[in-house]
Amino acid sequence: MPRVIIVGAGPTGATLALLLARRGIPVTLIEATRDFQRQFRGEGLMPSGLDALTQMGLDPLLKTVPHRPLSAWEFWLNDRRLFRADEPLGSARPCTLVSQPPLLEALVQTAQRQPNFEWIAGTAVKDVLWQSDSEASQNENRVTGVHLTDGRILKADLVIGADGRASVIRKKAELILETQPKSIDVLWFELLAPPGYAADNRFCTVVKKGRVFSLFHGAEEGKMHLAWAIASTEPTEQKDWATTFAALVPPEFVEHFQLAKDSISPPMRLSVLVGRCPRWHRPGLLLLGDAAHPMSPVRAQGINMALRDAIAAANHLIPVFKTADTSAPNPTALDRALAHIQTEREPEIIQAQKLQAHEASRGELLRRFGLLRQGLSIFSPLVGPAIKQIWTQQQQPLREGITTVRLNLS
Ligand SMILES: Cc1cc2nc3c(=O)[nH]c(=O)nc-3n(C[C@H](O)[C@H](O)[C@H](O)COP(=O)(O)OP(=O)(O)OC[C@H]3O[C@@H](n4cnc5c(N)ncnc54)[C@H](O)[C@@H]3O)c2cc1C
């Protein structure tokens, strides 16, 4: 029987496994963690990501996991609001925060209803299996399976590395990742949300006293998140974070940060890695999602790109495996499909990473130049509406996606 192995059950791996299994293709999904509760998983889904889930027929499933639409985006310079842009900003649906661990669990449970789906959790993949020398053609060596940390060797016609930014599959398959210069890390905090915040859940970005940070009500009831940008060279200080935040947050939150100080979690340091592999595939192997193109957290792109990668991959892979039926798929046709997937997805990834960098550079400009920040802050009632209009227009590709991605249901 032909078989696909997918390494990593993040948004890329879990959705692609489901799409393939539903079409009768035998899939083994391997996930290193047991319960999806790893250190951190992002929550923001843009309209393009929500649309991808709709195309996959997963709207009913989304309703069963904690989720919360954003009401608006607000930008604060010093103590003044530059502007507020209300969701859905001209889109069909608002940006929505979705709790990832229950979403991934529900995706895997749905896939488990398919007879040809195999789930291996709590075991990592440590290496890829290469075609033995005697089988090897004169051309490039083929990947024919994986080695697990528990000693097992699993064979497959295709191995898909969906194992995230630190991808083991990428390294073992010797595919190069070209990274952008590393500049920031994020300190992530959780605390109790102020009463009533959920009803008007603004994603507030604040630039004040040389600092940039964001706060919003997360997908889960009563939980506020605060993402604090720091230079990647800056150490994680042990400081009185409640007092630090109370001096910087918008005026309406000052009292809350004083009252809720004991609920502030210790900082979780998240490294931000952005880059792209010039080549996403080898014979018998494909990288997708962050493994192929780790995304910056700016404007919540990574999960959306992951879901759209899964759709593009399913469109190209299903015909190759369906044609093969019970025998192994034609290796030439399979490898051609892998190249087509990269060709189709790469332009959107390149453009999204450019737009993310552009957004980040504007924040950095305001952080570094106090006079510019002060001027915009003082004249915010005059300049705010025009800046809001420009910003809103520029968000459209980051919200709707840049290329057309449609799941082929035929
Ligand atoms: C601070 C921060 C905030 C972010 N916020 C958002 C956001 O709000 N919205 C958004 O769209 N994006 C966000 N992102 C980006 C987003 O998290 C990623 O782009 C997205 O998760 C990529 O999905 P993926 O499935 O490719 O990889 P991942 O989500 O990283 O999933 C990879 C999976 O593979 C598993 N795995 C790893 N190694 C192995 C192995 N050897 N064997 C088996 N399994 C393995 C991991 O446990 C994991 O479950 C954020 C990123 C950062 C750094």
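## Two helices side by side

Helix 8 and helix 9 run roughly antiparallel to each other; angles over 145 degrees earn that label, under 35 count as roughly parallel, 65 to 115 as roughly perpendicular, and the rest as oblique. Helices here are DSSP runs of H or I with at least four residues, strands are runs of E with at least two, and both are numbered from the N terminus. This is a predicted model, in which local features need pLDDT of at least 70 and side-chain atom pairs count only at pLDDT 80 or more, while totals for chains, interfaces and linings use all residues. Residues are numbered from 1 along each chain as its sequence is written.

The axes of helix 8 and helix 9 (residues 331-368) come within 9 Å and cross at roughly 160°. Axes are lines fitted to C-alpha atoms, for helices over the stretch in contact, with angles from 0 to 180 degrees between N-to-C directions. The crossing is right-handed, meaning that the near helix is turned clockwise from the far one by less than a right angle; anticlockwise would be left-handed. On the helix 8 side, the contact includes M305, D309, A312 and H316, and among their counterparts in helix 9 are A333, L334, H340 and E344. Contact requires C-beta atoms, placed from the backbone, within 7 Å. By class, this contact has 11 nonpolar, two polar and three charged residues. Ala, Val, Leu, Ile, Met, Phe, Trp, Tyr, Cys and Pro count as nonpolar, Asp, Glu, Lys and Arg as charged, and the others, Gly among them, as polar.

## Around the ligand

Helix 8 also turns up at the ligand: with four residues, helix 8 gives the most to the surrounding shell. Helix 1 (11-22), strand 2 (27-31) and helix 8 (302-324) each supply at least two shell residues.

Which residues come nearest to the ligand? Of the 34 around the ligand, they are G8, G10, G42, G289 and G302. A residue is near a molecule or strand if its C-beta atom, placed from the backbone, lies within 6 Å of it. The shell divides into 17 nonpolar, 12 polar and five charged residues.

## A second helix pair

Helix 1 packs against helix 4 (residues 100-111) at an angle of about 20°, with the axes 9 Å apart. That makes helix 1 roughly parallel to helix 4, and the crossing of these two is left-handed.

In helix 1, A14, T15, A17, L18 and A21 meet L104, L107, V108, T110 and A111 of helix 4. By class, this contact has eight nonpolar, two polar and no charged residues.

## Two open sheets

Six strands form an open sheet in the order 8-2-1-12-21-20, with mixed pairing; strands pair if DSSP finds at least two bridges between them. Why is one side of strand 8 and of strand 20 left without a neighbour in the sheet? Strand 8 (117-121) and strand 20 (281-282) stand at the edges, so each has a single partner strand. Strand 20 pairs with strand 21 (residues 285-287) in the antiparallel sense over two bridges, and R282 has L285 as its bridge partner in strand 21.

Another open sheet has three strands in the order 3-7-4, and its pairing is antiparallel. Strand 3 (44-45) and strand 4 (67-69) are at the edges, so one side of each lacks a neighbour in the sheet. Strand 3 and strand 7 (residues 96-98) pair over two bridges, where T96 of strand 7 is the bridge partner of L45.

## More strand pairs

Strand 9 (residues 125-130) and strand 10 (residues 143-148) run antiparallel and are joined by five bridges, with V128 opposite V146 of strand 10. Strand 10 pairs in the antiparallel sense with strand 11 (residues 153-155) over three bridges. These two form a hairpin with four residues between them, and G151 in the turn has a positive phi of about 95°.

Strand 14 (residues 184-192) has nine antiparallel bridges to strand 17 (residues 223-231), with I184 opposite A231. Strand 14 also pairs in the antiparallel sense with strand 18 (residues 268-271), over four bridges, and here V186 stands opposite L270.

## A loop to look at

The loop between strand 6 (80-86) and strand 7 holds P88, and the peptide bond from E87 to P88 is cis, with omega near 10°. L89 sits in the loop between strand 6 and strand 7 too. L89 has a positive phi of about 50° although it is not a glycine.

Methods. Two residues are in contact if their C-beta atoms, placed from the backbone, lie within 7 Å.
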